Amino acid sequence: MIRFDQVHKRYANGRDALAGISFNIGSGEFAFLTGHSGAGKSSILKLIALIERPTRGQVLINNQNTSAVKARGIPKFRQLIGVVFQDHKLLHDRPVSENVALPLIVAGVPRREIEKRVRAALDQVGLLSKEKSRPLELSTGEQQRVGIARAIVAKPMLLIADEPTGNLDPELALEIMQLFKRLNDVGVTVVIATHDIQLIDQFSARRIVLAEGRVLSEGRVLSEGRVPGEGRVA
Amino acid sequence: MTAGFEAWLARHAQTLLGSLGRIVRHPIATAMTIAVIAVALALPLFFNVLLQNTRTATANWNQAFELSVYLTQKAGADRAEALAKQLRARPDVASVRVITADRALAEFRTSSGFGKALDALEDNPLPNTLIVTPTIGASTPEATVALKTSIEAAADVDAVQLDTEWVQRLNAMLDVMRRVLWLTGGLLGLSVVLVVGNTIRLDILNRREEIEVMKLVGATDGFARRPFLYSGVWYGLGGGVGAVIVVAIAVAVLSRPLGHLASLYGSQFHLTGLRFGAVVRILGISVALGWLGSWIAATRHIRAVEP
């Protein structure tokens, strides 16, 4: 599903965010990207969503080389990926239902269909009762869940999330992670960037640890305190 | 209608109304923009109304023209009749009327009120005159000038006066005015494009975040641009309606005093306002200008918004 091949990313200010990183995430996988801030987590997500382009190397999404996607093709490409942003990126002058509907409106889905799918997505994140509220009337956790509903409403094959539990209390964070896990159970590939090690220790999932734009270690942590298996140092 | 087309139509209708709702939510800023457009459009529109009226008022003058042929003092009435007969034979002449010097003096005496003064004159100072009317076919400016030259060459002819000369001057002047109208209209139209473009640009800067989010969830530039294009259309339509109202008021204010002025000159002139066709045209133009202004600004600035 996602393949990074010797990817370098240098920003205009001269900072090297990624230094020749390579990894593979298969279809239907659930993976955490972890590491200290500045390790390159956000850069990877931005490259996947075509918000940024690699300086060198190749990024393949669903067997498609992103460097072959021209500016005109970016919208269609993004419609296939659900993105959850750390700062939610909700439109505050519109009700929750319209925020969630945005990817469908943009893709030209018929109105009746939109209503049905928006309600289904809000139901999944447990916010069906808030569809008429404005984002600012909601708590941070609820806003984050609106963002998730928006990311899954178009039924993407790939869901990426940047620090989705950043400002949440542990209980709420766990709830949101479980929601991602449920989505993964129905076949969605999920990639989550987070530095909340305590939280992800509770999940049996692939973990890619980054440091200074490289993969430091990769492995699978089994939940409920079992001894990590398959762990290997890259 | 297919379901896809229906959905497309519904989306456009929704965006159209949405953008109207958005600009109505800022009534003062919107009113200012529309007022600027209305004034810019009202100027050439009103000028056009005046020009149109002048042309209608002078249109029938074009047709009725004649040549006045003044004979020399020594040519007598018999010579005038002979020349008249000669001219009547020409294919480009419809009719010739002879006004003898005596008759001209008699007419002048009664109409001018200088009767007594004229008695003091020893000789009749007026020449024998022929009034020549060309045929319809020979009424073009070129043909009339040719006829004039040809008559001037005849013996005993002192001067030929083409009575249409001042009409031609008027027409030339109207022509210049029309061009001035096109120039000012073009410049003011350009200013409408710039005003709408600038308004849309500020609008886009204010809604940068929204456009960014739209693009993040996969909106094309065209999709993000659409509400701004509709805003431009609304601004244009509002400005066009405003211009029509301004001109209607100006015509109403001017029509009575102008009619009065004309009646003092013994004319039936009546100021004609905007016709339905002209209103439709100006609204079409203003909408097109609004759309163009927003298209230019939105295309440029939306492309620049990158998440």
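**Close-up views of a two-chain predicted model**

**View 1. Helix α10 of chain B.** Helix α10 (residues 276–304) of chain B has 29 residues, which at 1.5 Å a residue should span 42 Å, and its end C-alpha atoms are indeed 42 Å apart. Here the expected span is 1.5 Å times one less than the number of residues, and helices are DSSP runs (H or I, at least four residues) numbered from the N terminus. Among the buried residues of α10(B) are I282(B), L289(B), W291(B) and H301(B); buried means that 20 or more other C-beta atoms, placed from the backbone, lie within 10 Å of the residue's own.

This is a predicted model: local features need pLDDT of at least 70, side-chain atom pairs count only at pLDDT 80 or more, and totals for chains, interfaces and linings use all residues. Residues are numbered from 1 along each chain as its sequence is written, while chains are lettered from A and ligands numbered from 1 in the order in which they are written.

**View 2. Where chain A touches chain B.** Chain A brings 14 residues to the contact and chain B brings 13 (C-beta atoms, placed from the backbone, within 7 Å). On the chain A side, α2 (74–78) and α3 (96–107) each supply at least two residues, and α3(A) gives the most, with four.

**View 3. α3 against α4 in chain A.** The axes of α3(A) and helix α4 (residues 111–124) of chain A come within 9 Å and cross at roughly 125 degrees. Axes are lines fitted to C-alpha atoms, for helices over the stretch in contact, with angles from 0 to 180 degrees between N-to-C directions. Residues making this contact include V100(A) and L104(A) of α3(A) and V118(A) and A121(A) of α4(A).

Note on methods: A residue is buried if 20 or more other C-beta atoms lie within 10 Å of its own, exposed if 12 or fewer, and partly exposed in between; C-beta atoms are placed from the backbone. Two residues are in contact if their C-beta atoms, placed from the backbone, lie within 7 Å.
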